[in-house]
Amino acid sequence: MIERSYPVLRIDDYEKAKIFYVDFLGFEIEFEWRHAENFPVYMGLLRGDLGLHLTEHRGDLDGGGGAYFRVKSVPALYEEIKARRPEMEEEPIEQAWGSTELKLCDPFGNKMVFASPTPK
């Protein structure tokens, strides 16, 4: 039985990734791993029950990936991250299929959708 899945996304810049994923989206770094000092990083992030792995290793992924996250409340998430980056232009969208979604793109071309049921 699967306990948890971790989408893996390609990054090109460790510092930019920390600014976007930790400072902006509110993930916490669970671990960082490098083969040796000054080598590319493979890192695990957590935000509550959401897990995400980021890799600078060229052999892992080509980039331009995506992830779909189910969260408790997209409006609450939106208000939280909008407070950190008021100039953010993306807004939640109420979809016809009963889902409210916030679509974001990271600095590396990875697309993420955060979704929760639209309140009735």
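Let me start with strand S8. Five of its seven residues are buried, so S8 is largely enclosed by the rest of the structure. Keep in mind that this is a predicted model.

What does S8 pair with? On one side of the discussion is S5: five bridges join S5 to S8, and the two run parallel. Within that pairing, Phe69 has Phe114 of S8 as its bridge partner. Then there is S7. Seven bridges join S7 to S8, and here the strands run antiparallel. Leu102 stands opposite Phe114 in S8. So note Phe114: its name comes up with Phe69 and with Leu102.

S7 and S8 also form a hairpin, with five residues between them. Look at Gly109 in that turn. Its phi is positive, about 90 degrees.

Now the other sheet I want to show. Four strands make an open sheet, in the order S1-S4-S3-S2, with mixed pairing. Which strands sit at the edges? They are S1, residues 8-10, and S2, residues 28-33; each pairs on one side only. Neighbouring strands in this sheet are turned by 25 degrees against each other on average, direction ignored.

Take S4, residues 50-55. With S1, S4 shares three bridges, and the two strands run parallel. With S3, residues 42-47, there are six bridges, and that pair runs antiparallel.

Some individual pairs. Leu9 has Leu54 of S4 as its bridge partner. Met43 also has Leu54 as its bridge partner in S4. Leu45 stands opposite Leu52 in S4.

The hairpin of S3 and S4 has two residues between the strands. Gly48 there takes a positive phi, near 60 degrees.

Is S4 mostly covered or mostly open? Mostly covered. Six of its six residues are buried. Leu50, Leu52 and Leu54 point one way from the strand. Gly51, His53 and Thr55 point the other way. Both sets are buried.

On to the core. The largest nonpolar core has 28 residues. Which of them touch the most other members? Tyr21, Leu25, Leu54, Met112 and Phe114. Two of those names we have met already: Leu54, the partner of Leu9, and Phe114, the partner of Phe69.

Where does this core come from? At least two residues each are supplied by helix H1 (14-24), S3, S4, strand S5 (66-70), H2, strand S7 (99-105) and strand S8 (111-117). H1 gives the most, with five residues.

Next, the largest pocket. Its volume is about 260 Å³. The lining includes Arg47, Asp49 and Leu50. Arg70, Val71, Lys72 and Ser73 are also in the lining. Ala76, Leu77, Glu80 and Phe114 complete the list. So Phe114 again: a pocket-lining residue, and a member of the largest nonpolar core.

Which element gives the largest share of that lining? Helix H2, residues 74-84, with three residues. By class, the lining has five nonpolar, one polar and five charged residues.

Now the loops. Asn38 lies in the loop between S2 and S3. Its phi is near 70 degrees, a positive value in a residue other than glycine. Is Asn38 buried or exposed? Exposed, because its relative accessible area is 73%, and the cut-off for exposed is over 50%.

Arg34 lies in that loop between S2 and S3 too. At 30% relative accessibility, Arg34 counts as partly exposed.

Compare Gln95, in the loop between strand S6 (93-94) and S7. Gln95 counts as buried because its relative accessibility is 17%, and buried means under 20%.

How far apart are Arg34 and Gln95? In sequence, 61 residues; in space, 41 Å, C-alpha to C-alpha. Gln95 and Thr118 are 23 residues apart along the chain, and their C-alpha atoms are separated by 8.1 Å.

To recap. S8 bridges to S5 in parallel and to S7 antiparallel. S4 bridges to S1 in parallel and to S3 antiparallel. Leu54 and Phe114 are among the residues that touch the most other members of the core. That's it from me.

Terms used:
Residues are numbered from 1 along each chain as its sequence is written. This is a predicted model: local features need pLDDT of at least 70, side-chain atom pairs count only at pLDDT 80 or more; totals for chains, interfaces and linings use all residues. Side-chain values use heavy atoms; hydrogens and water are left out. Two strands pair if DSSP finds at least two bridges between them. Axes are lines fitted to C-alpha atoms, for helices over the stretch in contact, and angles run from 0 to 180 degrees between N-to-C directions. On a 1 Å grid over the protein atoms alone, a cavity is a set of points where a 1.4 Å probe fits but cannot get out, and a pocket is an open set with protein on both sides within 12 Å along at least five of seven lines; lining residues have an atom within 4 Å of a point. Grid points are joined across faces, edges and corners, and a volume is the space filled by probe spheres set on the points. Ala, Val, Leu, Ile, Met, Phe, Trp, Tyr, Cys and Pro count as nonpolar, Asp, Glu, Lys and Arg as charged, and the others, Gly among them, as polar. A nonpolar core is a set of buried Ala, Val, Leu, Ile, Met, Phe, Trp, Tyr and Cys residues joined through side-chain atoms within 4.5 Å. Buried means under 20% relative accessible area, exposed over 50%, partly exposed in between (1.4 Å probe, protein chains only).
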